[in-house]
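Colleague: Before I plan anything around this model, I would like to go through the terms used for it, and to hear what each one rests on.

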Amino acid sequence: MSLRPRPAGEVPESTVRVARAAFPKGCLAMRVRDELGPLFEDEQFAEVFPARGGPGLSPGMLALVSVLQFAEGLSDRQAADAVRGRIDWKYGLALELTDPGFDFSVLSEFRDRLIRGGIEHRMLETVLERCSRLGLLRAGGRQRTDSTHILAAVRTLNRMEFVGETLRCALEALAAAAPDWLAERISSDVVKRYGARVDAYRFPTGADARTRWAQAVGADGFALLEAIYAPTAPAWLQQIPAVQILRVAWVQQYHRDDKGVRWREAGDLPPGRARLSSPYDPDAHYGVKRGSGWCGYKVHLSETCDEEGPHLITHVATTNACTGDIEMTPLVHTALERRGLLPGEHVVDAGYISAALIVSAQSAYDVDLLGPVGADTTGQIRTQAGVAQEDFTVDWDGHRVICPRGAISISWSDQRKSNGTAITQVRFSGTDCDPCPIRGQCTRSAGGTYGRTLTLLTRPLQQVLDARRREQQTQEWKDRYAIRAGIEATISQAVRGTAIRRTRYLGLPKTALGHVFTATAINLIRLDAWWTGTPRGPTRVSHLTRLATDLGLAA
């Protein structure tokens, strides 16, 4: 199927007449066409279509259909039906009323082309570029970023369920792809154990019995892998995706040596971001944040938050569920710089910020990274009478620290943490600390050669960290930072309006593309609200809170 770009035409007169009669006040699809014109052009997608072959459908039309589909939370079949039967969509797509539309499977093929071509963000970038030309978006303002968890389109499995279902999945794939080969290597016991889904039967009772069950499954899996990788077996069996997943899963979950097959202990498992969680979606991993765990992904949304314009999503990134927010901050800045949309002030929560990122954002991108840095969590600061690290005077040039009582450190040692972060460890003499009258408020050391110990970052980072810790205690900083809370409304809109919380696809690439469509759809919805003068929704206040405020009883 080849692409033969067609110029964007005007909306047919008959479609205009009927749509205006049906929607005298307009609607989303119609206003997008009226305000932005033909939003996506065929030439934008020419690189993902071959030059030869039969003519295909307009990719510009399919891109807009996909965005409208996510704006209304429709399935592929429902979106294709909307193209055939809805007047407002025909207006937005500039189609004749008699246009028969297309088969719903075309949308899936279009998404595959976008992923293979690496142009998943093109729809979002097109909308942002159009808004920039209209003066609705500019660099240098304020933006905010936050993330939320995304549930995979597979059920969450514990370890025993996972290994049982992984082996069953491989047997199912082999039964379909190589039934004759598999028939010679299975028995009635294998069919009995793995014929039904693992959640259809009860596991043995007791830890020892369950361990034996898991080891038996491990032995069955290794026996199957040995048969597949035997020199006499067809080589193509090794390329079956379910077999490859089985091989990786068994390396992660089991030991095998001269003592036999053994179930790995919890501390001997690979890290979460590398460990498989489902045989049906190898990209989905189990993540934990603030005590809540989920199997799936994480999406990071960045949006403008200046009052004089619409709040538009400028960047969306989908990651492994185990990826820390702090890893995304420089990547977000790089992406925004490439689009010419770097903010002057970037408001984030504590997960996206550190002293090093504050310095690098300012020096590399001229961005003021605004967010709360971690508080001093030493034992001394947890008691009101404790002597905090900020009470000490650091002489950076002289490589010494002076305590509140005038004692001078005796040791200044430059070191590195296991993650490569440069630190300085400062120690005071036990001779100075032991007789000190406030020793109990300053150090818990047992006495001896050394007393109080301090750990400092490098000079520029420590100074930034100390300054931010002092600044974020002021009411002025808190008022400035209060705007960050608005990103929660964006996440709420994405969850309620586009069902972003649970992905409809398997795999990270398709999930990420779905989030790009979601972000683009939210931008069109917000542009529609801006064009019609619809005010932003106010913060919801419960009746009890409102009554307490009226009575002066607010907490």
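Modeller: In this predicted model, the mean positions of the 68 positive and 63 negative charges of the chain are 3 Å apart.

Colleague: What makes a residue count as positive or negative here?

Modeller: Lys and Arg are taken as positive and Asp and Glu as negative, whereas His and the chain ends are left out, so the 68 and the 63 refer to those residue types.

Colleague: Why is Asp366 called exposed or buried?

Modeller: The term exposed requires over 50% relative accessible area, and Asp366 has 56% relative accessibility, so Asp366 counts as exposed. Asp366 lies in the loop between helix 14 (355–365) and strand 8 (368–370), and its phi is positive, about 60°, although Asp366 is not a glycine.

Colleague: Which loop holds Ala94, and what is the phi of Ala94?

Modeller: Ala94 sits in the loop between helix 5 (87–92) and helix 6 (105–117), and Ala94, which is not a glycine, has a positive phi of about 60°.

Colleague: What share of the chain counts as buried?

Modeller: Of the 555 residues, 45% count as buried, which means that each of these has under 20% relative accessible area. The accessible surface of the chain comes to about 27800 Å², and 52% of that surface belongs to carbon and sulfur atoms.

Colleague: What makes the largest set of buried residues a nonpolar core, and which residues have the most contacts inside it?

Modeller: A set earns that name when buried residues of the nonpolar types are joined through side-chain atoms within 4.5 Å. The largest such core has 82 residues, and those with the most contacts inside it are Phe40, Phe45, Val65, Trp89, Phe102 and Leu524. Helix 3 (residues 59–72) gives the largest share of this core, nine residues. A second, separate core has 36 residues, among them Ala178, Trp181, Ala233 and Leu276.

Colleague: Which residues does Phe102 touch, leaving aside those up to four places away in sequence?

Modeller: With those set aside, Phe102 touches Leu57, Met61, Leu62, Val65, Ala80, Val83, Arg84 and Leu107; a contact requires heavy atoms within 4.5 Å, so each of these residues meets that cut-off with Phe102.

Colleague: Where is confidence lowest and where is it highest?

Modeller: Confidence is lowest in helix 16 (residues 439–442), at a mean of 83, and highest in strand 7 (residues 345–347), at 96. For the chain, the mean pLDDT is 90, and 96% of the residues reach 70 or more.

Terms used: Residues numbered from 1 in each chain as written. Predicted model: local features only at pLDDT ≥ 70, side-chain atom pairs only at ≥ 80, totals over all residues. Heavy atoms only, no water. Buried < 20%, exposed > 50% of the residue type's maximum accessible area, 1.4 Å probe, protein only. Helix = DSSP H or I, 4+ residues; strand = E, 2+ residues; numbered from the N terminus. Areas by Shrake-Rupley, 256 points an atom, 1.4 Å probe, with all protein chains shown as cover. Charge placed at Lys NZ, Arg CZ, Asp CG, Glu CD. pLDDT = per-residue confidence, 0-100.
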